[in-house]
Amino acid sequence: MLSVFDGLMAAEHCPITKICLTEIGGMNALAPLPLAGAMPLVDADLMGRALPDLDQFSLLVDDLPGLAIAISAWTHGSLLLADARPADVEHVLRAAFQSAGGWAGIVIGGFTVGDLVDHAMPGTLARALELGVAWGEGPSPIEPRIRAIGARRLGVGRVTAVSHDPADVRVRVIDLADDGGALVRVIARSEALACMVDGAVVARAPQIIDVVDPQSGAILQADEITSGRSIAVLSIDAPGWWSARAERLAKVLPSHYGLAGLDGTHP
């Protein structure tokens, strides 16, 4: 990441004076923090959660003109796309990521802090810190911890089955027997995309659906969830930016990933 960043810094036509996050979820939220000592860090990000596709960056969803996106494949060179179509950003840079072994640094330029007001999610870093403190300082029983962060309980109990969607092997279907007797189903790829209770959709992307260990409170990745394991499923409201326009919402609903019947009517 630093090699591309330094190269853009040196370009006279593209001065960089501030930085922000591409996404607030996962390890990508931490990547810009070492640079915060060199320039101001703007409390905003381009997803408001973790999302898997590059064309789901809010600047690309709104098709903001003049963007430059670069990736560094470490010792194997760099790639720069300027003012490209969002679909080309996803397809071309995705191929570059895969060629680099699945990991690469990415930098987006060509926008201003003012652009973030309408085309990004402000305040998400502060919100993540607030949620982290509330979750970490909460009591050990899972139910009070869920309430402490303002989340909604979707299910707590034992996993009865984990399977793959025959139409898409990347999709995991996790069935849970809730302690209260309900049947809970989580549909996930790299992130949880929808949750059903007794056959009805109760949460779906862009809402943030988390699966956690009810004893430790640790966040569980999809591939860590196995049959017989105790889990808790909860949801947190996504930034309203995604639902403010129909074309934005269409980029993050389960149907965007080819999952039918899960869009529901939830915000």
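What follows is a walk through the fold of a predicted protein model, from its overall build down to a few side chains.

Starting with the big picture, the protein contains 7 helices and 12 strands. Its radius of gyration comes out at 19 Å, close to the 18 Å that the globule rule gives for 267 residues, so the protein is as compact as a globular protein of that length. Along the principal axes, the C-alpha atoms fit in a box of roughly 65 × 40 × 35 Å. Of the 267 residues, 48% are buried. As for who touches whom, take the contacts with a separation of 6 or more: 57% of these come from residues 24 or more positions apart.

Now for the sheets. Strands of a sheet pair through backbone hydrogen bonds, and they can do this in a parallel or an antiparallel way. One open sheet here has 3 strands in the order 3-2-4, and the pairing is antiparallel. Strand 3 (78-82) and strand 4 (105-109) sit at the edges with a single partner strand each, so one side of each has no neighbour in the sheet. From one strand to the next, the twist averages 15 degrees. Strand 2 (residues 68-72) is joined to strand 4 by 5 bridges, and these two run antiparallel. Within this pair, Ala70 of strand 2 faces Val107 in strand 4. The sheet also has a helix packed on it: helix 3 (residues 86-99) touches strand 2, strand 3 and strand 4, and its direction makes about 180 degrees with that of strand 3.

Another open sheet is built from 7 strands, in the order 10-9-8-7-6-12-11, again with antiparallel pairing. The edge places go to strand 10 (200-204) and strand 11 (208-212); each has a single partner strand, so one side of each is left without a neighbour in the sheet. Neighbouring strands in this sheet are turned against each other by 35 degrees on average, ignoring direction. Further in, strand 6 (residues 152-165) and strand 7 (residues 168-178) run antiparallel and are held together by 8 bridges. Val159, for its part, stands opposite Leu176 in strand 7.

Finally, some side chains with rings. Searching the whole structure turns up 1 aromatic pair. The partners are Trp241 and Trp242, whose ring centres are 4.9 Å apart; their planes meet at 90 degrees, so the pair counts as edge-to-face. Both of these residues, Trp241 and Trp242, are buried. A charge sits over a ring elsewhere: Arg145 lies over the face of Trp135, 4.7 Å from the ring centre.

Definitions and conventions:
Residues are numbered from 1 along each chain as its sequence is written. This is a predicted model: local features need pLDDT of at least 70, side-chain atom pairs count only at pLDDT 80 or more; totals for chains, interfaces and linings use all residues. Side-chain values use heavy atoms; hydrogens and water are left out. Rings of Phe, Tyr and Trp (its six-membered ring) pair if their centres lie within 6.5 Å; planes under 30 degrees apart count as stacked, over 60 as edge-to-face and the rest as tilted. Buried means under 20% relative accessible area, exposed over 50%, partly exposed in between (1.4 Å probe, protein chains only). A charge sits over a ring if NZ of Lys or CZ of Arg is within 6 Å of the ring centre and within 35 degrees of the ring normal. Two strands pair if DSSP finds at least two bridges between them. Helices (H or I, at least four residues) and strands (E, at least two) are DSSP runs, numbered from the N terminus. Axes are lines fitted to C-alpha atoms, for helices over the stretch in contact, and angles run from 0 to 180 degrees between N-to-C directions. Contact means heavy atoms within 4.5 Å. The radius of gyration is taken over C-alpha atoms; the globule rule is 2.2 Å times the number of residues to the power 0.38.
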